[in-house]
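Have your viewer open and your selection tool ready. We will walk through a few charged pairs and then a pair of helices, one selection at a time.

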Amino acid sequence: MLSHLECARCGHRHDADVVQNLCHECASPLLARYDLTKVGRPTEENSLWRYRDVLPVRNPDAQFSLGEGMTPLVPLPALSRALDVTVLMKDESLIPTGSFKARGAAVGVARAKELGVKGIKMPTNGNAGAAWALYAARAGLRSVIAMPEDAPLITREEVEASGAELRVVPGTIADAAGVIRDVDLFDASTLREPYRIEGKKTMGYEIVEQLGWRVPDVIVYPTGGGVGLIGIHKALNEMRELGWIDGPLPRLVAVQSTGCAPIVRAFDENEAESTFWDNAYTSAFGINVPKPLGDFIILQAIRETDGTAIAVDDEQLLADRKETARLEGVFLCPEGAATISAVRTLRKDGWLKVDDEVVVLNTGAGIKYPGVRL
């Protein structure tokens, strides 16, 4: 059950029942903490709300859910043979709104409404804004969404269809953030509110449950803001404390583009935080984040699990997107394809061994990116 909020940097404790963004002491992200002695096993619900005891919404409304969560963990046998390592895909393309962002939106919006928030604002690379706008509409909340003009057109149409106010700007997500600073609404930007991560962490719970309450050797995650990677790491630690798993945690891999790789650069240089990546661009638009707010948490999660960070180029990820469709009949989003490219490189370099079991995240539906050519 939800206990309090805790600063990810300084550890300062905050009241969970007060509307908050960042830590009052050091302006760092807050993480939800639970009384794990009161947590029961998952319910029978076929959605992420089966883990309600480790979610922050005190009184979930069953009629609010769109069925988000419990996406399949799909074996990829032909691709596994081609890559010489066992690959399973957590397929988030089947979730409402067509991307894993619906997890964070479902929990974040539900908690915001529970706390009395009347509206939200956020910058986005596309899918997150679409998900939050649609869930906000379902909750009866106002929303103002800003996105770069190069964001996938379909995500822009989702925002507009929801009735949200949409602001489109040149540049990156960092530029989008600048045009909504004047908006007096709750800031739901990546890691500026504590609850998106709680929805995203359910990917970790599901992977472990779907494997029969055991962990894979490696989890490969396309990393922009990194909320999903942070959330999966948080879920794994919670499950270990609950006694649901034991032994070493999966090695976490953060995948970025050579056109925008602040986490990879910081990891390679053994830095605790990243620096801003100038002139960022990649066709895997969801990972085009020049400097994640939670960079220090991402890097900590990678290092604590003996993981790594790797950048792949657009040419390779587009080739692997095509190859995966040909071999497996799976049309990955560009960010999901980047994880396949990462597995290819890491296996070739020997970082991945032939007997490793690797879970990759396909974070959205390939059909949401008609402008990205194979």
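Which residue forms a salt bridge with Arg9? Select Arg9 together with Glu273: Glu273 is the partner, and the closest N and O atoms of the two are 2.8 Å apart. Keep in mind as you look that this is a predicted model.

Now colour by sequence position, and you will find that this pair links distant parts of the chain, 264 residues apart. Glu273 sits in the loop between helix H9 (262-268) and helix H10 (295-304), while Arg9 belongs to the loop between strand E1 (2-7) and strand E2 (13-14). Turn on the surface next. Glu273 is partly exposed, at 34% relative accessibility, and Arg9 is partly exposed too, with a relative accessible area of 43%.

**Next stop: Lys368 and Glu158**

Select these two and you have another salt bridge, with the closest N and O atoms 2.9 Å apart. Lys368 lies in the segment after strand E13 (357-362) and Glu158 in helix H4 (residues 153-162), so the salt bridge ties together parts that are 210 residues apart in sequence. Are these two residues buried or exposed? Both Lys368 and Glu158 are buried, so each has under 20% relative accessible area.

**Then: Lys38 and Asp35**

Here the closest N and O atoms of the salt bridge are 3.9 Å apart. Lys38 counts as exposed because its relative accessibility is 53%, a value over the 50% cut-off. Its partner Asp35 is partly exposed, with a relative accessible area of 26%.

**A network to pick out**

Select Asp17, Arg58, Arg111 and Glu114 as a group: salt bridges link these residues in a network. If you would like to keep hunting, a search of the whole structure finds 25 salt bridges.

**Last stop: helices H3 and H4**

Go back to Glu158 and show its helix, H4, along with helix H3 (residues 127-139). How do the two helices pack? Their axes are 8 Å apart, at an angle of about 20°, which makes H3 roughly parallel to H4. The crossing of H3 past H4 is left-handed.

To see the contact itself, show side chains on both helices. From H3, select Asn127, Gly129, Ala130, Ala133, Leu134 and Ala137; from H4, the residues they meet are Thr155, Glu158, Val159 and Ser162. Colour them by class and you should find five nonpolar, four polar and one charged residues in the contact of H3 with H4.

Note on methods
Residues numbered from 1 in each chain as written. Predicted model: local features only at pLDDT ≥ 70, side-chain atom pairs only at ≥ 80, totals over all residues. Heavy atoms only, no water. Salt bridge = Lys/Arg side-chain N within 4 Å of Asp/Glu carboxyl O. Helix = DSSP H or I, 4+ residues; strand = E, 2+ residues; numbered from the N terminus. Buried < 20%, exposed > 50% of the residue type's maximum accessible area, 1.4 Å probe, protein only. Axes fitted to C-alpha atoms, helices over the stretch in contact; angles between N-to-C directions. Parallel < 35°, antiparallel > 145°, perpendicular 65-115°, else oblique. Left-handed = near helix turned anticlockwise from the far one by under 90°. Contact = heavy atoms within 4.5 Å. Nonpolar A, V, L, I, M, F, W, Y, C, P; charged D, E, K, R; others polar.
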